Amino acid sequence: VVAHQVYAAYRRMDLRGQKEILGRAEVYEPSVREAARVFGLDAELLLGIASTESSFHPRPSQDGGQGLFQITRVPRQAEERARQLLEVDRLDPFNQKHNAFVAAATLEDYAKRMKGDLLLTLLAYNIGPHNGGLEFVMNRYGARNFAQVQPYLQDLPRDYPIRVLSHALTFRIWRHFRDLPRFEDGEWAARIQELGIPGLHGDRNLFAATTS
């Protein structure tokens, strides 16, 4: 079900605009891929988060987000872990490497809290720790998975995980084909599905066996 939603999101994309995002991403990819390697994350998944958050325009946002990953509030332990690994006393949100390490550390932290559930991890990342974060909502209403928590999110972004995964998919498609073909054209649907979706399919990522 999740995979079909991701492919449907890819079909609806402005692929010309997405190619521009991929072009802007090139200068930041080394930092993001290094962060992914250090934290044992799927690099394309991390790139998908940056694409969703900033479209690789690392500028301040109205809600206080900063840098490539639009960092706002992060768990204290994630910030400390990023500082330790970078060997710095203070993190600069507009330093692309710092921003990527904080994002990766935050994702790692939420993955542990959500017991490796990819969709819940992404949702928790987006909601952040404000007012107890996703954990508070789930505990309050007894929700145990992504489907059960949906009715209680109110105005929170339910579609965030699907958007991230569809952006992550564009990086995988681009890496293999150096193009973003229309999903519905010819045999492209089958060829794209063979690649799999970062975070959902693959033999080397933090979430490979947690969601189907």
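## Exercises on an all-helix predicted chain

The protein chain exposes about 10,800 Å² (accessible areas by the Shrake-Rupley method with a 1.4 Å probe; for residues, only the protein chains shown count as cover), and carbon and sulfur atoms supply 45% of that area. The model is predicted: local features need pLDDT of at least 70, side-chain atom pairs count only at pLDDT 80 or more, and totals for chains, interfaces and linings use all residues. Residues are numbered from 1 along each chain as its sequence is written, and side-chain values use heavy atoms, with hydrogens and water left out.

### Exercise 1. Overall form

Task: describe the secondary structure of the protein chain, and compare its radius of gyration with that of a compact globule.

Solution. Step one is the count: the protein chain has eleven helices and zero strands. Helices (H or I, at least four residues) and strands (E, at least two) are DSSP runs, numbered from the N terminus. Step two is the radius of gyration, taken over C-alpha atoms, with a globule rule of 2.2 Å times the number of residues to the power 0.38. For 212 residues, a compact globule would be near 17 Å, and the protein chain agrees because its value is 17 Å. Along the principal axes, the C-alpha trace spans about 50 × 40 × 35 Å.

Step three concerns contacts, defined as heavy atoms within 4.5 Å. Of the contacts between residues at least 6 apart in sequence, 64% join residues at least 24 apart.

### Exercise 2. The nonpolar core

Task: state what share of the 212 residues is buried, and which residues have the most contacts inside the largest nonpolar core.

Solution. Buried means under 20% relative accessible area, exposed over 50%, and partly exposed in between (1.4 Å probe, protein chains only). Buried residues make up 51% of the 212 residues. A nonpolar core is a set of buried Ala, Val, Leu, Ile, Met, Phe, Trp, Tyr and Cys residues joined through side-chain atoms within 4.5 Å. The largest such core has 69 residues, and L46, F69, L134 and L165 have the most contacts inside it. Leaving aside neighbours within four places in sequence, L46 is in contact with V32, A35, A36, L41, F69, A104 and L107. As background, nonpolar side chains tend to be buried together in soluble globular proteins.

L134 also belongs to helix α8 (residues 133-141), where G133, L134, V137 and M138 are buried. The cover over the buried residues of α8 includes α7 (118-127) and α9. After α8 comes G142, whose phi is positive, near 70 degrees.

### Exercise 3. Two positive phi values

Task: for F56 and E87, find the loop and decide whether each residue is buried or exposed.

Solution. Take F56 first. Its phi is near 60 degrees, a positive value in a residue other than glycine. F56 is found in the loop between α4 (43-54) and α5 (76-86). Because its relative accessibility is 2%, F56 counts as buried.

Now take E87. Phi of E87 is also positive, near 60 degrees, in a residue other than glycine. E87 lies in the loop between α5 and α6 (96-113). With a relative accessibility of 73%, E87 counts as exposed. For reference, most residues other than glycine have a negative phi.

### Exercise 4. Residues at helix ends and in loops

Task: locate E29, S54, P157 and D179, and list what each touches beyond four places in sequence.

Solution. E29 lies in helix α3 (residues 29-39) and is buried, with a relative accessible area of 18%. Its contacts are L47 and F171.

S54 lies in helix α4 and, at 4% relative accessibility, counts as buried. S54 touches R59, G67, L68 and Q70.

P157 lies in the loop between α9 (146-149) and α10 (160-177). At 25% relative accessibility it counts as partly exposed. P157 is in contact with L123, N126 and R163. P157 and I127 are 30 residues apart in sequence, with 8.1 Å between their C-alpha atoms.

D179 lies in the loop between α10 and α11 (188-195). At 31% relative accessibility D179 counts as partly exposed, and it touches K19, I173 and W174. D179 and R163 are 16 residues apart in sequence and 19 Å apart in space, C-alpha to C-alpha.
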